[in-house]
Every structure is written in C-alpha cells, then in structure tokens.
Amino acid sequence: MLIEAYDQLFIGGKWHAPSSDRKFAVYNPATREVIAEVAEGDEQDVARAVAAARQAFEDGRWANMPATERTRLLFRLGDLIKSHAEELARLECRNTGRPIREMMSQMSTIPEWFYYFGGMTDKIQGDTIPFRGNYLNYTLRVPVGVVGQITPWNHPLRILCKKLSAALAAGNTVVVKPSEFAPLTALELGHFCAAAGLPDGAVNIVPGFGACAGAALVSHPGVAKIDLTGGTGTGRAVARAAAENLARVTCELGGKAPVIFFEDVNLDEAVAGAMFAAFVASGQSCVSGTRLLVHSSIYDGFLEALKERTRQLRMGNPLEPTTQIGPVISQAQLDRIQHYVETGLQEGAKLLVGGNRPMEPGLNRGYFYTPTVFYDVSNDMTIAQEEIFGPVTVVIPFSSEDEVVRIANDVPYGLGASVWTNDIKRAHSVAHRLRTGVVWINDHHRTGPAAPWGGFKLSGYGRENGFEAMLQYTEVRSVLVNLNREPFDWYSSTSFDRRLN
C-alpha cells in the first residue's frame, strides 16, 4: 500500500517534520480539489538533506558497496515500483490530470530504468593510456558525490527515476527537490527506497518551492552536481547559481519540436502521428509536436483530416479509461495557453479547431483547454517560436527538403523532432540535418533507458539515459604508476635525466 500522509520529508532514511512545520496544498487539476497537504522544506531542511547525503557518500556505505549488491537493491527498487504500478498511476493521474490510460502505460516502463542502470554498476570502467617511459597510466571513473535533482510536474515519477537510477548506479548520493505541483509520487519513492533497503542517506527527498528549497539546493557548496528538468528560464538561473560553486550541471529544458510530414506518407497514419505528437499529456511535454510541417501537396487534406480527428478527442475525468485528454496542471498554465492563443490570432494565424475552454458540466471546474490547431502560420510567429506547453499546435506548409530543414531548425530550441516518410534515404538525410538532440523517424515521444536524451541550443546541455548518463555522473581519475626499478633523484648532482614531466 502507498503511504497516506505527505506531511514529512525523507532525510537520512527517516521521515522528519519540516523545520518550519509549514505545509502546502496539492490540487487535482481536473477538479481543483485539494488532494494532499505536503511538508514544505526550506533552507534548513535542504542543509540537513545535503549533510545526510554527504555523510552517506563519504563513509562509502553506497559508493563502496559491492557492485553486485547495488545491483540487487536497484533491481529491488524497480520491482517495488512495478508491483505498485497501478496505485502509482492513479495517484499521478489525480496529481497531474493526465489520463489514466497514459499513466498506466508510462508507469509500466519506469522499472526498466532501475533494471538497466542496476545492471551497469559493474560496467563503469576506465582505460589504460599509452605513456612515455616505464610507466603505467590508467583511469578510474568515480562518482561525483552529492547530486541535487530538481524534477518537474509533467512526468513526475518518470523523469525522477531516469535521473535517480543513473546517479545511484554510479555510486552517488542524491537530494531530490520535486515540483511543488506534483510531489506525491516522489515522496512515495522515498518509501520504496527504504523498503528496498537502500542505505540511509543515499536518497533524500525535500519537497518545497523553487525560490526557497530549490535555490538552497542549487547554491549549496556540498552539492557536486545539479540535474534539472524544467523551463529554459529556470535552467539559466540554476546554471548561474551552480557556477558559484563550480558544480556540474545537466539541464533538460524547453522545446519546440518540428514534426515533418513528406508527401509520400499515408494520410491517416500521418494525422494519427501528429495527434500523438501534439496532444499526449495535453501537450505538456518538452518534445511535444508543436510545429506540424506538412508538404504542400498534402496540406489541404491533412488539415481536413486533422480537424475532424481532433474534434473527436474525448476530454473528461482523467481516471476514466475512455478519457483521452486531461486538464493542464494549473490556472497559471491555463492563462498562459489562452495568452498564446490570443497572440496567435492577433498575429494573423487562423484557428482550425479549438482555441477555447470547454463549458461542458464537469469540465469547467478543472483546468481543461480544448485541443487547438492553428493554420496559416508562418514560422516567425510567436506561437511557432515560443514554448506554449499546452494542447496547442500549428501547421506550416513546405515545398522542399531544404525548406523544411530550414524551418525546422529556425527556432531557439533543439530537443526533439520527428520525420515521417517512406523514403529511407530521405528520412536519414533529414534526420542528420536537424539541430536536435533526439530525432524519431515515423514515430514520436518514444524513449528508453539506453537511448541518450537531451538537447541542443536553449534546450539545455548534458544527457540522460544510456552510458552518456554514466559519464555525466562520474569523474575521471588518472593514475600514473612508476615501474622503474632504479631510484630517482631529480636534485642529485649525478642525475642526467633531462625529462621533468
């Protein structure tokens, strides 16, 4: 069973009341009802968590644990999440508003990260380096130390587990600051870490607000690395603050993903792919397909089919299996979406469908917004350049491969993109020209623990997943061994060794 109260912080393997005794409300965005009162961590709580993580790191209880034992515990953690997947999915559904059909699917994949990185604990190896003279030079990869992880509200448990599994596998200890909008499954993970048998202090979880708990974590001199998923503005602020301590930073930030449809695609498959790219999670994803770039020869038919299919999407109670579109996370996000829709209309774009809040009974209480598509859009419009983070996409025509590559790359972001075509040569050629960290061919949104994930440009730097993540969670130590049997004295009057270093 899941824990029932969220009024404590998970620090040093134990549950503690926050130093201030303050709590904050967490809401169900589908109903605006309070679903939990959550402990609010502050600077003192972050300091306690970092101290617990640092002690656990320095005494070696996790980093020096035999790799096979770390593997067993990470596998156990994955097993616990797997056995509670349905309960976690329902909790996250209530906390984020994402439809249960999406959450059940996503939750079923999360254990894969613990199994993948759990299997990597004994594969973090160094190199032997050719070196002049009778010397042996080899390298070791060692954990960076205490890692601060700041996670978002759109995929709360999935993104946390992506980060946490890699950091732990590399031998680091972790302090997590989950989003104040969706901290519940992160706190559940603390319960699972204890149940799995992870050493006290290996994982610490301090919910709170970014301006207080988040800022304290980023600026703490005991934190060696910050790993953030969030908006580009937040990424800039975090990178500046972490730079004061020369802490490493990995940040996965905003996006404005192009979804490219060439003329040879099957129209029904293309429209289905466009909707999947644009409207999963109500468009609240950094790789959401917010620019549908469609070849001019199929543009009109694409618009008509997309309009009809989008109108059929079912909005409703996220806990109902038939619901396809849920609410956005908050009133602030709802206002942001409406602002961008109004801006698009003012700049001359035309609405194909949507552009309003639903008024049906049961929907007008929550933060729902109808799936929205614009056409007659040029790529320099605000709605084609800036991240909206809602169920809003635009359709832009193109005539040639060179033109679509130019349009696709002509945004400040570079996280994800997809190319839809049956021409295998063109698919790879275009994929190689896109300035994004992730490219799908005839698909979108798919990922896995082995596939590197991260962006170019304002979408951030560093990578999650795969061995790339292990490189970012470890430091390289170079060891040089003198194998010469003759004694060496540089300052001896008889020394003729002309080599200083």
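1. Let me start with the largest cavity. Its lining is made up of Gly-255, Lys-256, Gly-283, Ser-285, Cys-286, Val-287, Ser-288, Thr-290, Glu-387, Ile-388 and Phe-389. The space inside comes to about 50 Å³, and the count of cavities of 30 Å³ or more is two. Bear in mind throughout that this is a predicted model.

2. Now the largest pocket, with a volume of about 900 Å³. It has 33 lining residues, and those nearest its centre are Arg-98, Glu-102, Phe-276, Val-280 and His-445. Two or more lining residues come from each of helix H4 (100-109), helix H5 (111-118), helix H6 (156-169) and helix H10. H4 provides the largest share, with five residues.

3. Helix H11 is worth a look in the viewer. It runs over residues 299-311, and its 13 residues should span 18 Å at 1.5 Å a residue; the end C-alpha atoms are 18 Å apart, so the expected span and the model agree. Its buried residues are Tyr-299, Phe-302, Leu-303, Leu-306 and Thr-310. They sit on the same side of H11, because the arc they cover around the axis is only 100°. That fits the usual helix geometry: with 3.6 residues a turn, residues three or four places apart point the same way. On the face turned away from the buried side you will find the exposed residues Asp-300, Glu-304 and Arg-311.

4. What packs over that buried side of H11? The cover includes helix H10 (267-279) along with strands E12 (258-261), E13 (291-295), E14 (350-353), E15 (372-375) and E16 (392-398). H10 also turns up among the elements that give two or more residues to the lining of the largest pocket.

5. Some of those covering strands pair with one another. E14 and E15 run antiparallel and are joined by three bridges, with Lys-350 standing opposite Tyr-375 of E15. E15 and E16 also pair over three bridges, but in the parallel sense; here Val-373 stands opposite Thr-393 of E16. Both senses are standard options, as strands of a sheet pair through backbone hydrogen bonds, either parallel or antiparallel.

6. Helix H8 (residues 210-219) has as its buried residues Cys-212, Ala-213, Gly-214, Ala-216, Leu-217 and Val-218. Which elements cover the buried residues of H8? Among them are helix H1 (43-58) and helix H9 (232-243), together with strands E7 (146-150), E8 (173-177) and E10 (225-229).

7. There is also an open sheet of three strands, in the order E5-E6-E22, with antiparallel pairing. E5 (128-129) and E22 (474-482) are the edge strands, each pairing on one side only. Between E5 and E6 (residues 135-143) the antiparallel pairing involves two bridges, and Thr-128 has Tyr-138 as its bridge partner in E6.

8. Last, a single residue to click on: Val-26, in strand E3 (residues 23-28). Is Val-26 buried or exposed? Its relative accessible area is 1%, so it counts as buried, the cut-off being under 20%. Beyond its neighbours within four places in sequence, Val-26 is in contact with Glu-33, Val-34, Ile-35, Ala-36, Val-38, Asn-95, Glu-180, Phe-181, Pro-183 and Leu-184. For one of these, Val-38, the separation along the chain is 12 residues, while the C-alpha atoms of Val-26 and Val-38 are 7.1 Å apart.

Technical notes:
Residues are numbered from 1 along each chain as its sequence is written. This is a predicted model: local features need pLDDT of at least 70, side-chain atom pairs count only at pLDDT 80 or more; totals for chains, interfaces and linings use all residues. Side-chain values use heavy atoms; hydrogens and water are left out. Helices (H or I, at least four residues) and strands (E, at least two) are DSSP runs, numbered from the N terminus. The expected span of a helix is 1.5 Å times one less than its number of residues. Buried means under 20% relative accessible area, exposed over 50%, partly exposed in between (1.4 Å probe, protein chains only). The arc is that of the directions from the helix axis to the C-beta atoms. Contact means heavy atoms within 4.5 Å. Two strands pair if DSSP finds at least two bridges between them. On a 1 Å grid over the protein atoms alone, a cavity is a set of points where a 1.4 Å probe fits but cannot get out, and a pocket is an open set with protein on both sides within 12 Å along at least five of seven lines; lining residues have an atom within 4 Å of a point. Grid points are joined across faces, edges and corners, and a volume is the space filled by probe spheres set on the points.
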